Amino acid sequence: MIKKLLLFIMIFAFIPASYAESSAALTVDGQTVSFTEAYIYIINAEQEYADVAKYYEDYLDIDYWSLTYANGMTVSQMIKSDVFDQLKSMNAFYAIAFENGLSLTDAERASCRTDAENAYQALSVTDAEKIDIDDLSYVFEKQLLADRMYSVFLENMLIDEKEIRSSIDPKDYTVYDIEYLFRTFDDFDESGKSMPLTEDKQALIEKAFSEAQNCPSFSDAPNHYPALDIIYGTTSFLSADETVDPVLIQAAQSLAIGETSGILKTDFGLFLIRLIDNTSLKAYEQAVQTALYEAREAAFASEKESILKKCEYEINVPFWNTLAPGVKN
């Protein structure tokens, strides 16, 4: 998938009819946007919304792309407008990169070519017919330089990194790596009908869990007790992960590395967990970097808007009128 810059508010000018004969979809500050570039952004947008569109069609019998917003625009038209803004944004920053002499190495160009070939291979036959592989490779090159130029602007923004870092509590980003045994409270009778666990069978499961606590790993427990349908696994979760049962989080927080929890009863079933590690700072550092990035973007917002308002755009109107995301021609 092609990485997209954030959407920006832009001013554009429609062009004389003679431009309709051009081989370009549009130009942005002198940079040509090929038909391939326009198509690949449209295809990318269609893929992003494909699951939603399929749900509406399969379960609601509704054409998602034809749904209308309060402003009178259809979903297809709104997404097309977003794509248009993305294209203009990327090409505006590419133009600045070009003017500032930024360039790619041969290795980076080769990597872009590989990415383009992989993207091309993933296209449907119908979509591939609209795409020129050489143009697509150039799209990847442009995107890489545009992203780099955008990053240069952000790196020059003055922010209080110390204050931002101190505002993020490492405790909220502790990563608990655990191994576990799990058994649901559901069972099945001889005919395969679902039924609750009997007290006797639950007692056997709890006994198996208790015995597993003394083993170096829980992994052998399912094989030792095949009739109990015990599940073994490993997983990781954050201390503030709302998708994880609070019982498991509280248990993990109370354990030292290598310790086991004892039998835990949750809404889903019985658990036994062992803490493997809780020293990783990766999630915390990712949260810090995200916060720093967002702060730099906020600091750059007014300058960004000013830069983009100065851009000049020319649009191949007849070509753009033929584009309709989600509508197969």
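Helix 3 and helix 6 lie roughly perpendicular to each other in this predicted model, since the angle at which they pack is about 75 degrees, with their axes 8 Å apart, and an angle from 65 to 115 degrees counts as roughly perpendicular. To place them for you, helix 3 covers residues 75–99 and helix 6 covers residues 133–155.

Which residues of helix 3 meet helix 6? On the helix 3 side they are Met90, Asn91, Phe93, Tyr94, Ile96 and Ala97, and on the helix 6 side they meet Tyr138, Lys142, Gln143, Leu145, Ala146, Met149, Tyr150 and Phe153. By residue type, this contact divides into 11 nonpolar, 2 polar and 1 charged.

Let me turn to a single residue, Thr174, which sits in the loop between helix 7 (161–166) and strand 4 (175–184). Is Thr174 buried or exposed? With a relative accessible area of 19%, Thr174 is buried, because the cut-off for that word is under 20%. Its side chain reaches the backbone oxygen of Lys171 at 3.5 Å, and, leaving aside neighbours within four places in sequence, Thr174 is in contact with Phe237, Leu238, Ser239 and Asn278.

Finally, a word on confidence. The mean pLDDT of the protein is 87, with 92% of its residues reaching 70 or more; among its elements, helix 4 (residues 106–121) has the highest mean, 96, and strand 1 (residues 13–14) the lowest, 32. Over residues 1–22 the pLDDT is below 50, although this stretch has 65 contacts in the model beyond near neighbours in sequence. Where pLDDT is low, predicted coordinates should not be read in detail.

Conventions:
Residues are numbered from 1 along each chain as its sequence is written. This is a predicted model: local features need pLDDT of at least 70, side-chain atom pairs count only at pLDDT 80 or more; totals for chains, interfaces and linings use all residues. Side-chain values use heavy atoms; hydrogens and water are left out. Axes are lines fitted to C-alpha atoms, for helices over the stretch in contact, and angles run from 0 to 180 degrees between N-to-C directions. Helices (H or I, at least four residues) and strands (E, at least two) are DSSP runs, numbered from the N terminus. Angles under 35 degrees count as roughly parallel, over 145 as roughly antiparallel, 65 to 115 as roughly perpendicular and the rest as oblique. Contact means heavy atoms within 4.5 Å. Ala, Val, Leu, Ile, Met, Phe, Trp, Tyr, Cys and Pro count as nonpolar, Asp, Glu, Lys and Arg as charged, and the others, Gly among them, as polar. Buried means under 20% relative accessible area, exposed over 50%, partly exposed in between (1.4 Å probe, protein chains only). A polar contact is a pair of N or O atoms within 3.5 Å; within protein, one must be able to donate a hydrogen and the other to accept it, and residues adjacent in sequence count only if both atoms are side-chain atoms. pLDDT is the predictor's confidence in each residue, from 0 to 100.
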